[in-house]
Amino acid sequence: MKSLYEALGATPNKIDYRWKNANVSSCLEFEFEGATWFSVKAHGVHSLFDDTGKRRFWGQRLVKDWGPKLADFFEFKLEMVDKDGETLIPPPAYLFAPFYIDQDGSWQNTWVSFRRDFYLQGSPITLADYHSGIRPDGYYAAKAELTKEKLVLASLETAIETLRQAMSQIVEIEGSTPIYDLQEFARECDDLVAESERLLVLQAAHRRTVSDLHEESHLVRAEAVLLKSTLNEMRGEFELASSLPRQVECPTCGHEYQNSLAERFALIEDEGVLSKALIDAQSKLERLIEKERAERSKLDAIGASLARVQKILEVRKQSLSLNDVLVAAGKTEAAKLLRGSLNEKIVAADVSRSRTDSLRTSMKEFTDKTRTSEIMKFYRTRLSMYSQKLDVHLDDPEKQSIASINVARGSEGPRALLAYYYAFLHTKIEFTTNVRFPVVIDAPNQQGQDKVHLPQMVEFIFDHAPDNSQTIVAIEDASELNIEGVIIANYGEAKRQVLRQKEFDRVQAFFDPFLQKILAME
């Protein structure tokens, strides 16, 4: 159950250590807009393949790589701001949040199905407002732009205040023109020379860093080529071993040897280690190339600064007129320069302030009070109705929040949360046009549901599932359940074992084309 949305990039609350140690690869086959797709999680990389086996996109980092690409694929337009004030598309878990009820958290509180991924400030309120339609895509796009514009405006206002203080200090200086001599002019030139020397030292350091990174990239690239070659050779050994009979006769001595399954599995295990090493090498190579690119960018910036300083020095050397120095350093000229800079900042601040007001207006337009009232009324009506069906007492139905619900103690708590989740789901479907994902519910038998309430919960889940929504439920014992139209499938080889050894060859054959393209970085 946890693997379903994990294959798409959502991090489950808890993963059993045995599952982690097995380093399981997952492939989720799904239909979207009339086409079949495959989302593969293997060797720490997420990849999306189409029905022809073409790798459409991939990523290793949920926030920077995979998340934005998947959001674009599903047209998920929510934008939020992190603690550093940077606007970003949140991880995939924010997209799936209303559709997954996790065993480890969702039966105690709302909006915790992917607790580790919901790291951005105000996530519960944002998730409820966005997925209910109270605040649609346009609102959050405007909000993200407003946050950035506020930072710009604050910077401009600080600059304006600093310039005004500088002008006040110039006005307080006695006399009309301060007296400067050539020594001060020479000191200014000395400062420029010192700055030039500092930049030259920085330039040399960055050049050494770029050279080291380039050399390390070359070594890692060679390592990846070697690993890939070794991996291909090992695959050949495994295919040869698989094609031979159980008893293999030595052509030299005539003695027969066992071609055991255990030895073939040992080859597979070695292949897994090499595959992981290859993926790590390729990922390291990407990071090195990215670092080298960043260092080269810094080197270019230093070069540009150095060129500017040297150009100024050349001009200063050519014009050593004391009159020019006095005019440039004079009180009137300084005030003129400051005033010009101040006027520029004031104009820029006015533009920024106007843009801020415009974005606030846009946000208000996206939060129409009449529409919000309609959404809340629909949600509360469903919540009240579903609470009655699940034998839940609800205090003040007309005052219930759309972001949470007060959970009663004991077995009534999980039933109240189920009523909330379904009321919210139906509200989302009624008032938004975003993608609908399958409803996945893990272990509804929480807090000791009795023989009356547990069947009641399971029947409610299927009877009130949104129309045309696939609904998947994990339950310990389904022997006494008889719900029309529901397919019951049993899983588990033995205690604490879900993976089935007898299906390994079939699953490996299915996975192999995907893994080949992942390892080849195609």
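Two residues are in contact when heavy atoms of one lie within 4.5 Å of heavy atoms of the other. The legends below use the word in this sense and refer to a predicted model.

**Overview of the predicted protein, with its 14 helices and 11 strands.** The protein has 522 residues, and 39% of them count as buried. Of the contacts between residues at least 6 apart in sequence, 70% join residues at least 24 apart. The accessible surface comes to about 30,800 Å². Carbon and sulfur atoms account for 51% of that surface.

**Close-up of the largest nonpolar core, a set of 74 residues.** Tyr5, Phe30, Phe74, Phe96, Leu418 and Tyr422 have the most contacts inside this core. Helix α12, which spans residues 412-431, contributes 11 residues, the largest share of the core. In soluble globular proteins, nonpolar side chains tend to be buried together.

**Close-up of Phe30, one of the core residues with the most contacts inside the core.** When residues up to four places away in sequence are not counted, Phe30 touches a run of consecutive positions, namely Ala35, Thr36, Trp37, Phe38 and Ser39. Leu8, Leu48, Phe73 and Phe74 complete the list of residues touched by Phe30. A second core, separate from the largest one, consists of 21 residues, among them Ala42, Phe49, Leu213 and Leu274.

**Close-up of Phe99 in the loop between α4 (93-96) and β7 (100-101).** Phe99 counts as buried because its relative accessibility is 1%, where the limit for a buried residue is under 20%. With neighbours within four places in sequence left aside, Phe99 is in contact with Leu425 and Lys428, and also with the consecutive residues Val435, Arg436, Phe437, Pro438, Val439 and Val440. Tyr5 is a further contact of Phe99. The C-alpha atoms of Phe99 and Tyr5 are 9.8 Å apart in space, although the two residues are 94 apart in sequence.

**Close-up of the largest cavity, with about 100 Å³ of space.** The structure holds 2 cavities of 30 Å³ or more. The lining of the largest cavity includes Ala97, Pro98, Tyr100, Ile101 and Ser106, together with Trp111, Val112 and Ser113. Tyr420, Tyr421, Phe424 and Leu425 also belong to this lining. The elements giving two or more residues to the lining are β7 and α12. Helix α12 gives the most, with 4 residues. Rolling a probe the size of a water molecule over the atoms shows where empty space is left.

**Close-up of the second largest pocket, with a volume of about 400 Å³.** The pocket is lined by 22 residues. Glu6, Ile15, Lys41, Gly44 and His46 lie nearest its centre. Helix α2 (17-22) and strands β2 and β3 (45-50) each supply at least two lining residues.

**Close-up of His43 in the loop between β2 and β3.** His43 is buried because its relative accessible area is 11%, which falls under the limit of 20%. Apart from residues up to four places away in sequence, His43 touches Gly272, Ser275, Lys276 and Ile279. Leu515 and Leu519 are also touched by His43.

**Close-up of Glu75 and Asp391, two residues that have a positive phi although neither is a glycine.** Glu75 has a phi of about 55 degrees and is found in the loop between α3 (62-73) and β5 (80-81). Because its relative accessible area is 54%, Glu75 is exposed. Asp391 has a phi of about 60 degrees and lies in the loop between α11 (369-389) and α12. Because its relative accessible area is 44%, Asp391 is partly exposed.

**Close-up of the segments in which pLDDT stays under 50, including residues 174-181 and residues 324-328.** The protein averages a pLDDT of 81, and 83% of the residues score at least 70. Strand β2, residues 35-42, has the highest confidence, at 95. Confidence is lowest in helix α9, residues 322-329, at a mean of 49. Beyond four places in sequence, the model has 11 contacts for residues 174-181 and 5 contacts for residues 324-328. Where pLDDT is low, the predicted coordinates should not be read in detail.

Technical notes:
Residues numbered from 1 in each chain as written. Predicted model: local features only at pLDDT ≥ 70, side-chain atom pairs only at ≥ 80, totals over all residues. Heavy atoms only, no water. Buried < 20%, exposed > 50% of the residue type's maximum accessible area, 1.4 Å probe, protein only. Areas by Shrake-Rupley, 256 points an atom, 1.4 Å probe, with all protein chains shown as cover. Core = buried A, V, L, I, M, F, W, Y, C linked by side-chain atoms within 4.5 Å. pLDDT = per-residue confidence, 0-100. 1 Å grid on protein atoms, 1.4 Å probe; cavity = no way out; pocket = protein on both sides within 12 Å on 5 of 7 lines; lining within 4 Å. Points joined across faces, edges and corners; volume = space filled by probe spheres on them.
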